[in-house]
Amino acid sequence: KSTFLQTMVYSLIQHYSQEYLNLYLLDFSSRMMEPFEEDVHVGGVLYENDLATEGKFFHMLQKMIQERKTLFRGGNYYQYVAKHGMVCPAVVVVIDNMANFREKTGEQYDDILLQISRECTANGIYLFLSGAGYSMNEIPGRLGENIRRTISLEMPDKFGYADVLNMMQIAALPDSGIAGRGLVQVDGIALEFQACLAVDA
């Protein structure tokens, strides 16, 4: 999961300039976000020992949402960009390993994350969370209800995929044992995907 997020962040950085995209990375896993610390797109990388800074970050995020609501004057991010162009960059917030994040922070940001997940997309802010599934110890169900797209890497069986993707039936399973292989639900259909490792050519 951490490798997948690292690849995703690398891909975003390669495809968009900092005027179009800003990232904030909360790495509560294996420090695979560390290579991005000095990148101009990245506002900061926080680790599990940066607990004093976590509160400041979420306060900043809430303030950012309120400022954008005022700026958009009842509209949303897409309408604003269509009218004014990319004068307001999209913001991506990555939390790698939700279970450890919630454990280390004593679950004190659950309500804030729930609020942000409801309001963020309309304000040009996007959450990317990694976890082992939807449960009280991982990504809580009430937060999961606001997640628009779930990407599932290899699960032990079809029931695991069905649970993560919230689908009753999975027509075909991906080959097992292939790194980066998994399923994603698109328009009610489970599609197989293959993620690649990010490397410089």
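In which hand does α2 pass α5: left-handed or right-handed? The crossing is left-handed. This is a predicted model, and the report below walks through two helices that pack together, one helix with a buried face, and two buried residues.

**The α2 and α5 pair**

Helix α2 spans residues 51–72, and helix α5 spans residues 110–119. Their axes lie 11 Å apart and make an angle of about 30°. Angles under 35 degrees count as roughly parallel. That makes α2 roughly parallel to α5.

Which residues meet? From α2 come F58, L61, Q62, I65 and K69. From α5 come I112, L113, Q115, I116 and E119. Sorted by class, the contact holds six nonpolar, two polar and two charged residues.

**Helix α3 and its buried face**

Helix α3 covers residues 77–84. Its buried residues are Y77, Y80 and V81. Why do they line one face of the helix? Seen down the axis of α3, they fall within an arc of 95°, so they share one face. A general rule helps here. An α-helix has 3.6 residues a turn, so residues three or four places apart point the same way.

Now turn to the face of α3 that points away from the buried side. It carries the exposed residues A82 and K83. What covers the buried residues of α3? The cover includes helix α2, strand β3 (90–96) and strand β4 (125–129). Helix α2 therefore appears twice in this report: it packs with α5, and it helps to cover the buried residues of α3.

**Two buried residues**

H41 sits in the loop between β1 (21–27) and β2 (42–47). V184 belongs to strand β6, which runs over residues 181–186. Buried means under 20% relative accessible area. H41 has 6%, so H41 is buried. V184 has 14%, so V184 counts as buried too.

The table pairs each residue with another one, by sequence and by C-alpha distance.

| Pair | Apart in sequence | C-alpha to C-alpha |
|---|---|---|
| H41 and L21 | 20 residues | 6.5 Å |
| V184 and Y78 | 106 residues | 25 Å |

What does each residue touch, leaving out residues up to four places away in sequence? H41 touches I13, Y16, S17, Q18, L21, N22 and L23. L21 is thus also the partner of H41 in the table. V184 touches R149, T150, I151, L165, I189, A190, L191 and F193.

Note on methods
Residues are numbered from 1 along each chain as its sequence is written. This is a predicted model: local features need pLDDT of at least 70, side-chain atom pairs count only at pLDDT 80 or more; totals for chains, interfaces and linings use all residues. Side-chain values use heavy atoms; hydrogens and water are left out. Axes are lines fitted to C-alpha atoms, for helices over the stretch in contact, and angles run from 0 to 180 degrees between N-to-C directions. Helices (H or I, at least four residues) and strands (E, at least two) are DSSP runs, numbered from the N terminus. Angles under 35 degrees count as roughly parallel, over 145 as roughly antiparallel, 65 to 115 as roughly perpendicular and the rest as oblique. A crossing is left-handed if the near helix is turned anticlockwise from the far one by less than a right angle, and right-handed if clockwise. Contact means heavy atoms within 4.5 Å. Ala, Val, Leu, Ile, Met, Phe, Trp, Tyr, Cys and Pro count as nonpolar, Asp, Glu, Lys and Arg as charged, and the others, Gly among them, as polar. Buried means under 20% relative accessible area, exposed over 50%, partly exposed in between (1.4 Å probe, protein chains only). The arc is that of the directions from the helix axis to the C-beta atoms.
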